[in-house]
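Reader: I would like to learn how to read a protein model by its features. Please take them one at a time.

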Amino acid sequence: MIYTTRTTLTHLPQTHRVVVRLRHYFKNMLCPDLHPPAAVRGMQQLDRAAFSKTIKVPHLLVPKDKNLNEVCRSIKKYLLKMERYKPVITEEYKITLHPMAVQKWEDLADVKLEKLDIGSEALVWQEIQLCYDNWKYDEILKAVLPEDKEALSSFSKIGHIIHLNLKDHLLPYKQLIGEVMCDKIADCRTVVNKSLSIDNTYRNFQMELLCGEPNYQVSVKENGCLFQFDFSKVYWNPRLSTEHEKIVKMLNKHDVLYDLYAGVGPFTVPAARKGCEVLANDLNPDSYQALVTNCALNRVSKNVTCHNKDAVEFIKHELKQAFLTKCADKCFLGEMHITMNLPAMAVEHLVHFPGLLKSEDIVLHKKPLVHVYCFAKGVEDKKQIARELVERWLGMEVEDMLKEIAFVRNVAPNKDMMRVSFYLTEDLLFGRTTSKKRPLDEELRLSDLSKRPSNKMKDQRKQLAKKAKNVFSVSQAKKKDLKKTKEVSSTLKKIKVQDKREKVDQKFQDLHAQIVTKKAPKPAPKPLPAKNKNKPDTKKIEADLNVMQM
Ligand SMILES: C[S@@+](CC[C@H](N)C(=O)[O-])C[C@H]1O[C@@H](n2cnc3c(N)ncnc32)[C@H](O)[C@@H]1O
């Protein structure tokens, strides 16, 4: 019997998971004798000794005058393969065979042992000792965790840190899971669990140390570049490596990249390595520091200018200035790319693009290409949801400006991270847009959309959760403090946000009315001048948004 399994290799020393095809001749977990002892089921405190067991398995006793290597080669596929178990005992000329593969002499018929002058008397059943060392982490956990509930599904590896996101039913086993991971996964020295699904402004996870050293300074490679950072203080998600790569592939040597929420540099650094000029920004001082360090580590500092400010300020000043400079530069032949990877909020910042260059006396030679990320929630077509979000915040349709809408990753049931790539046109940047009026039914649908829990409302909840921030800090990994996580979680659920939510809903509808341009009944014969009445009052909108961040 030959099994070909598609397996996720989560123990690889890379920062992202790799799916490869593995050939297992005989799957050990299909053979009950090779399972850990049944008594370990439900164990919450790791007792390594409890995994010891004795089993009887087939062995081939090779006569000492034979060539052991030759026998091993021919019988290779029948060997018992387990973690840290040597199936060939050279000194004794003894080979352990797989108990599922070999139950009688005839099972070895295709090996033609007779030709090597070895007869059926060579096949014997002898005891072997198995212990904790002989199983991989997934085999150990499968034996311990509740059989009837979802197993540990996936985790991320960031340098020496294993990052788990345990479901509630696995929390009683978290200490054990941490220890098993530390024991079993090559170069893992720290295991943390995402403590609550609350992301703060800087998008670094609130985490709890489960096992190992409280050292979060990591060194990882992505897209051929080296990144160093403190994982407890900055945002890093190994699941975005493919998306980072896709964007970097779009860039050419003479392009410029404006990376508005740069993090520690996964777009910036490889783009600069390609030779692009990069203007990178991040609000988190720790991300900014790591960004500067990573540029230096990868010897690209000369191509990158780093900023540490709010993206809105960055758009209004640095980005605007950069557009003006590039437009004045006749020698500039490249493309301008703008990455906006802050999916919970970036679309809202699009409101600052219309009219950004109004009253500037320049000609736009190139249309900058924006890559904005967002979360599309709901059962409807996610591309359409993403597009409507962008249109809502831009206050216009993107039809003629659209390059592509791409799925990035699934975040939760009915919630996908999407990328909308679209061009900033001259009309948009100079505030000359005469947005096509949406059909009424589409307007209604949009106002429905605005009734959905918005990012701002989520932020409210985040702000509330932030007040309990200390409770979730990594330094509080002691058992007594970890209890607080649950307490706060249930308290948060009880907080009534309904009243505030309604106010925010109302505000959003008001804002929506301002943002989505109300066009004159007849199409204007010419593009409207820069002082277009229909243009959103971005200052007022920004002030309103700030008020809403209760
Ligand atoms: C989702 S992470 C993306 C980081 C990086 N670009 C990546 O792809 O991994 C978003 C980043 O935006 C930063 N950030 C959050 N709010 C911001 C703001 N208002 N202005 C600028 N950066 C902000 C966070 O510190 C975080 O590093």
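What follows goes from the whole chain to the ligand shell and then to single residues.

Author: One point before the features: this is a predicted model.

Reader: How many helices and strands are there in the protein chain?

Author: The protein chain has 15 helices and 19 strands. Of its 550 residues, 37% are buried.

Reader: What share of the contacts in the protein chain joins residues at least 24 apart?

Author: Take the contacts between residues at least 6 apart in sequence; 69% of these join residues at least 24 apart.

Reader: Which residues of helix 2 are buried?

Author: Helix 2 spans residues 137-144, and Y137, I140, L141 and V144 are its buried residues. Seen around the axis, they cover an arc of only 95°, so they sit on the same side of helix 2.

Reader: What covers the buried residues of helix 2?

Author: The cover includes helix 3, residues 174-184.

Reader: Now the ligand. How many residues surround it, and which are the closest?

Author: The ligand is surrounded by 20 residues, the closest being Y261, G263, L283, N284 and A311. By type, the shell splits into 10 nonpolar, 7 polar and 3 charged residues.

Reader: Why does the ligand lie between domain 2 and domain 3?

Author: A position of this kind is read from the owners of the shell residues. Domain 2 (145-215) and domain 3 (239-446) both contribute residues to the shell, so the ligand lies between them.

Reader: Where does UniProt place the feature "binding site"?

Author: The UniProt entry, which is unreviewed, puts "binding site" at H244, D282, L283, D310, A311 and N341. Such annotations may be inferred rather than shown by experiment. Two of these positions can serve as worked cases.

Reader: Start with D282. Is D282 buried or exposed?

Author: The label comes from a neighbour count, and 20 or more other C-beta atoms within 10 Å make a residue buried. D282 has 29 other C-beta atoms within 10 Å, so D282 is buried. This residue is in the loop between strand 14 (277-281) and helix 6 (285-297).

Reader: Which residues does D282 touch, not counting those up to four places away in sequence?

Author: D282 touches Y261, A262, G263, S287, Y288, L291 and N308. Of these, Y261 and G263 are also listed among the residues closest to the ligand.

Reader: And L283: where is its place?

Author: L283 is in the loop between strand 14 and helix 6. L283 counts as buried because it has 20 C-beta neighbours inside 10 Å. Leaving aside neighbours within four places in sequence, L283 is in contact with K309 and D310.

Reader: Next, backbone angles. What sign of phi do most residues other than glycine have?

Author: Most residues other than glycine have a negative phi. Y93 is not a glycine, yet has a positive phi of about 50°. Y93 lies in the loop between strand 4 (88-89) and strand 5 (94-96), and with 17 C-beta neighbours inside 10 Å it counts as partly exposed.

S359, also not a glycine, has a positive phi of about 65°. S359 is in the loop between helix 8 (346-349) and strand 17 (369-377). With 9 C-beta neighbours inside 10 Å, S359 counts as exposed.

Reader: Last, what distance separates the C-alpha atoms of E426 and D110?

Author: These C-alpha atoms are separated by 74 Å, and E426 and D110 are 316 residues apart along the chain. E426 lies in helix 10, residues 426-429. E426 is partly exposed, with 16 other C-beta atoms within 10 Å.

Key:
Residues numbered from 1 in each chain as written. Predicted model: local features only at pLDDT ≥ 70, side-chain atom pairs only at ≥ 80, totals over all residues. Buried ≥ 20, exposed ≤ 12 C-beta atoms within 10 Å, placed from the backbone. Helix = DSSP H or I, 4+ residues; strand = E, 2+ residues; numbered from the N terminus. Arc of directions from axis to C-beta. Contact = placed C-beta atoms within 7 Å. Near = placed C-beta within 6 Å. Nonpolar A, V, L, I, M, F, W, Y, C, P; charged D, E, K, R; others polar. Domains from an automatic or database assignment.
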